[in-house]
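Subject: Structure for your review

Dear colleague,

I am handing over the structure we spoke of, and I would be grateful if you could look through it before reading my notes. The sequence and the coordinates come just below.

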Amino acid sequence: MSDHPTSVTQPASASSHEPRTLLVTGGAGFIGSAIVTAALEQGWAVRVFDSLRPDVHAAQLGRPAGLDPRVDFRLGDMTDPAAVADSLVDVTVVCHQAAKVGLGVDFLDAPDYVASNELGTAILLAAMTTAGIDRLVLASSMVVYGEGSYRRASSTGSIETGETDDTGSAGSRGETVRPPARLVADLEAGRFDPVDTETGVPLEPALIFEDAPLDPRNVYASSKLSQEYLATAWSRSTGGRAVALRYHNVYGPGMPQNTPYAGVASLFRSALERGEAPRVFEDGLQRRDFVHVRDVAAANLAAIDNTALPNPGGAFRAFNVGSGTVHTIGDLATELSRWSNGPAPVTTGEYRLGDVRHITASSERLRLELHWMPAVTFEQGVREFATAPLRAAVSTPSTAPPSTALPSTHA
Ligand SMILES: NC(=O)c1ccc[n+]([C@@H]2O[C@H](COP(=O)([O-])OP(=O)(O)OC[C@H]3O[C@@H](n4cnc5c(N)ncnc54)[C@H](O)[C@@H]3O)[C@@H](O)[C@H]2O)c1
């Protein structure tokens, strides 16, 4: 994938006097809604294109309740070329959030992932080409990496301060190691950390950088990577500018409730809302980067501005979007229980083959090149989220009990 450096100049002013319309696909969703709010605050005229998927939204027949009246809402599916083309009239930039998200129920979901995410993106990019729109921000995901970054225990350097080195050089951050898939026997025995196959010593988790190997391990992940590849091909072919934002674990108000597609923060929060203890898989020490939805929205606005800059070196650029602080799944459950006055979490030792043990991001590239800084700390964000409203529940297998809840790897 093309991943050239972009120039580090000030982004285009968000308060330009030119008429500017931002299309947010999936703008009725969890992250899209936050982007819409941030874009309106920055003076954009905002259009939303969303199919209001029935497995995502509780029965909604038309314009979503609560959508800002300034938003031009278009109901339609990414796989409908005519509706997509119509939504692009007079649009300056596209912020593409629409996707079927999460791990899904089983492999029978594959055609739906491929249609919504891959075909939908191809249709969007073709329509943008026809309409002469050359600026795209794409919602990607940490799932494109497949597994976190690790290094040998003997390596030097601090995991937490890996942010200072964005060279991609393994040597300067210690020897990085790609662990093989974890074995059932190890997981059964509670040995959750990947080990160095040469020494048998557990590997140290490290921050993942954008140049890490890409290794999607499920259909959702492969569809997110395919979206990146499509955007790369589009930018090469048309000269358009594309920024892909690889979100890490996004949480915050408006998260969906306990659905087969939900992230771990929402699963814990939904359990607490039912008066039940959050059930934490493995030993709860899985490391993640939890990033607040308002910070993700701000990253999108910075990326939108960035696509206005000329970039002779290359037209596609990927960025991690994380808070830069490392927390464990257990931390999250404990803090949510605390701030909602709920029962303490239960660490179950359950596991799922294929789950990522640790994955945490370096978001240094985003800070340096797009001048973005997270504003919401873990403490503030989790405290607010513990009592914030979730999105209305839908009547699908969504209300499955937490013992069958999907685990922590969704993003
Ligand atoms: N939530 C996370 O932690 C996370 C992490 C990494 C990446 N992402 C990505 O961020 C984006 C937004 O995710 P979200 O968490 O807000 O999900 P969401 O389900 O809340 O929002 C997605 C929206 O897209 C719409 N949509 C889905 N398929 C569509 C289609 N074919 N046509 C039109 N609209 C369609 C849905 O109706 C929904 O409103 C997605 O691209 C997702 O892959 C999310």
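What follows is an account of what was found, going from the chain as a whole to the ligand, the core, the strands and a few single residues.

Please keep in mind throughout that this is a predicted model. The mean pLDDT of the protein chain is 85, with 83% of the residues at 70 or more. Over residues 1–16, however, the pLDDT is below 50, although this stretch has 38 contacts in the model beyond near neighbours in sequence. Residues 396–411 likewise stay under 50 in pLDDT, and the model gives them 44 contacts beyond four places in sequence. I would read the placement of both stretches with caution.

The protein chain contains 10 helices and 17 strands, and buried residues make up 50% of its 411 residues. If one takes the contacts between residues at least 6 apart in sequence, 84% of them join residues at least 24 apart.

As for the ligand, 31 residues surround it, and the closest are G26, G29, S51, A99 and V250. The elements that contribute two or more residues to this shell are α1 (30–41), α3 (110–131), β5 (135–141) and β10 (249–251), and the largest share, 3 residues, comes from α1. By character, the shell divides into 14 nonpolar, 12 polar and 5 charged residues.

Turning to the interior, the largest nonpolar core has 99 residues, and those with the most contacts inside it are L245 and V296. Helix α7 (residues 293–306) supplies the largest share of this core, namely 9 residues. In soluble globular proteins, nonpolar side chains tend to be buried together. Leaving aside neighbours within four places in sequence, L245 is in contact with V137, A139, S140, A299, N300, A303, F319 and V321.

One of these contacts leads to the strands, for F319 in β14 is also the bridge partner of L245. Strand β9 (residues 241–247) and β14 run parallel and are joined by 6 bridges. Because 6 of the 6 residues of β14 (residues 316–321) are buried, this strand is largely enclosed by the rest of the structure. F316, A318 and N320 point one way from β14, while R317, F319 and V321 point the other way, and all are buried.

Elsewhere there is an open sheet of 4 strands with mixed pairing, in the order β7-β6-β8-β17. Its edges are β7 (176–177) and β17 (360–361), each of which has a single partner strand, so one side of each is left without a neighbour in the sheet. Within this sheet, β6 (residues 149–151) and β8 (residues 204–208) run antiparallel and are joined by 3 bridges, with Y150 standing opposite P205 in β8.

Among the helices, α6 (residues 264–273) deserves a look: 9 of its 10 residues are buried, so it is largely enclosed by the rest of the structure. The buried residues are V264, A265, S266, L267, F268, R269, S270, A271 and L272, and what covers them includes β10, β11 (279–280), β13 (290–292), α8 (329–339) and α10 (378–385). Just after α6, G275 takes a positive phi of about 80°.

Two further backbone angles may interest you. Most residues other than glycine have a negative phi, and most peptide bonds are trans. L52, which is not a glycine, nevertheless has a positive phi of about 50°; this residue is found in the loop between β2 (45–50) and β3 (72–75). L52 counts as partly exposed because it has 19 C-beta neighbours inside 10 Å, where a buried residue would need 20 or more. D90, again a residue other than glycine, has a positive phi near 65° and lies in the loop between α2 (81–87) and β4 (93–96). With 13 other C-beta atoms within 10 Å, D90 is partly exposed.

Lastly, L285 sits in the loop between β11 and β12 (287–288) and counts as partly exposed, with 16 C-beta neighbours inside 10 Å. Not counting residues up to four places away in sequence, L285 touches T328 and G330. L285 and D193 are 92 residues apart in sequence, while their C-alpha atoms are 9.4 Å apart in space.

With kind regards

Notes. Residues numbered from 1 in each chain as written. Near = placed C-beta within 6 Å. Nonpolar A, V, L, I, M, F, W, Y, C, P; charged D, E, K, R; others polar. Pairing = 2+ DSSP bridges. Buried ≥ 20, exposed ≤ 12 C-beta atoms within 10 Å, placed from the backbone. pLDDT = per-residue confidence, 0-100. Contact = placed C-beta atoms within 7 Å. Core = buried A, V, L, I, M, F, W, Y, C linked by C-beta atoms within 7 Å.
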